[in-house]
Amino acid sequence: MGIGKIDNYRFYEGYEYETEVELSTNDENMETLHIWDGFFMDIFGEPSLDGNGWHGFTRDYNQCEGAFDDAGEAVITNLQEYIDDLKSYKNRKFDYEETKDVYALICDWLDEAVAKHCEEIFVRVF
């Protein structure tokens with residue numbers, strides 16, 4: 001029996017009037033994450049320019065695609081692409097002290113979504 005959706009605002013508190021990134025699934029036992037866009041910028045905002053192309057959140061964020069386009073929402077179905085992209089930043093030095101915790105939270109959350117067989121992740125930016 002599910003307990004209903006739980007919203008995690010830990011990394012959006014204090015930024016209420018700034019851009020918010022929301023990650024959710026249809027699984028009622030998965031938290032919905034609410035994250036200040038500044039943390040996303042800290043993780044994905046200066047991507048590698050090695051010529052190998054961008055994937056996952058790096059592509060979406062820097063090319064204004066998916067949830068980061070004018071519509072502000074997208075459905076992710078290739079979770080592994082986003083996990084692999086995110087994990088490519090594991091050794092990155094972040095500007096904000098909290099970004100390391102945000103990074104770990106998103107990694108764990110995506111891994112949990114895969115373990116729970118979630119086929120879609122919903123991303124909203126507003």
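For sorting the residues of a pocket by class, Ala, Val, Leu, Ile, Met, Phe, Trp, Tyr, Cys and Pro count as nonpolar, Asp, Glu, Lys and Arg as charged, and the others, Gly among them, as polar. Sorted in this way, the lining of the largest pocket in this predicted model holds 3 nonpolar, 6 polar and 4 charged residues. The volume of the largest pocket is about 190 Å³, and of the 13 residues that line the pocket, Ser-48, Gly-53, Trp-54, Asp-85 and Ser-88 are the closest to its centre.

One of these residues, Asp-85, leads on to helix 3, which spans residues 79-87 and in which Asp-85 is buried together with Leu-79, Glu-81, Tyr-82, Ile-83 and Leu-86. The cover over the buried residues of helix 3 comes from several parts of the chain, including helix 1 (37-44), helix 2 (56-62) and helix 4 (99-115), as well as strand 4 (73-76) and strand 5 (121-125).

Tyr-82 of this helix also belongs to a cluster of aromatic residues, in which ring pairs link it with Phe-40, Phe-44, Phe-57, Tyr-61, Phe-68 and Tyr-89. A pair of aromatic rings is described by the distance of the centres and the angle of the planes. The model contains 14 aromatic pairs when ring centres within 6.5 Å are taken as paired. In one of them, Phe-44 and Tyr-89 meet edge-to-face, at 5.3 Å centre to centre and with 85° between the planes. This pair links distant parts of the chain, since Phe-44 belongs to helix 1 whereas Tyr-89 sits in the loop between helix 3 and helix 4, 45 residues apart. Both Phe-44 and Tyr-89 are buried.

Why is the pair of Tyr-61 and Phe-68 edge-to-face? The ring centres of Tyr-61 and Phe-68 are 5.1 Å apart and their planes stand at 70°, and planes over 60 degrees apart count as edge-to-face. Tyr-61 has a relative accessible area of 15% and Phe-68 a relative accessibility of 13%; because buried means under 20%, Tyr-61 is buried and Phe-68 is buried too.

The loop between helix 3 and helix 4 also holds Tyr-96, which at 37% relative accessibility counts as partly exposed, because that class lies between the limits of 20% and 50%. Leaving aside its neighbours within four places in sequence, Tyr-96 is in contact with Trp-36, Gly-38, Phe-39 and Asp-42. For Gly-38, which is 58 residues from Tyr-96 along the chain, the separation of the two C-alpha atoms is 8.9 Å.

Note on methods
Residues are numbered from 1 along each chain as its sequence is written. This is a predicted model: local features need pLDDT of at least 70, side-chain atom pairs count only at pLDDT 80 or more; totals for chains, interfaces and linings use all residues. Side-chain values use heavy atoms; hydrogens and water are left out. On a 1 Å grid over the protein atoms alone, a cavity is a set of points where a 1.4 Å probe fits but cannot get out, and a pocket is an open set with protein on both sides within 12 Å along at least five of seven lines; lining residues have an atom within 4 Å of a point. Grid points are joined across faces, edges and corners, and a volume is the space filled by probe spheres set on the points. Buried means under 20% relative accessible area, exposed over 50%, partly exposed in between (1.4 Å probe, protein chains only). Helices (H or I, at least four residues) and strands (E, at least two) are DSSP runs, numbered from the N terminus. Contact means heavy atoms within 4.5 Å. Rings of Phe, Tyr and Trp (its six-membered ring) pair if their centres lie within 6.5 Å; planes under 30 degrees apart count as stacked, over 60 as edge-to-face and the rest as tilted.
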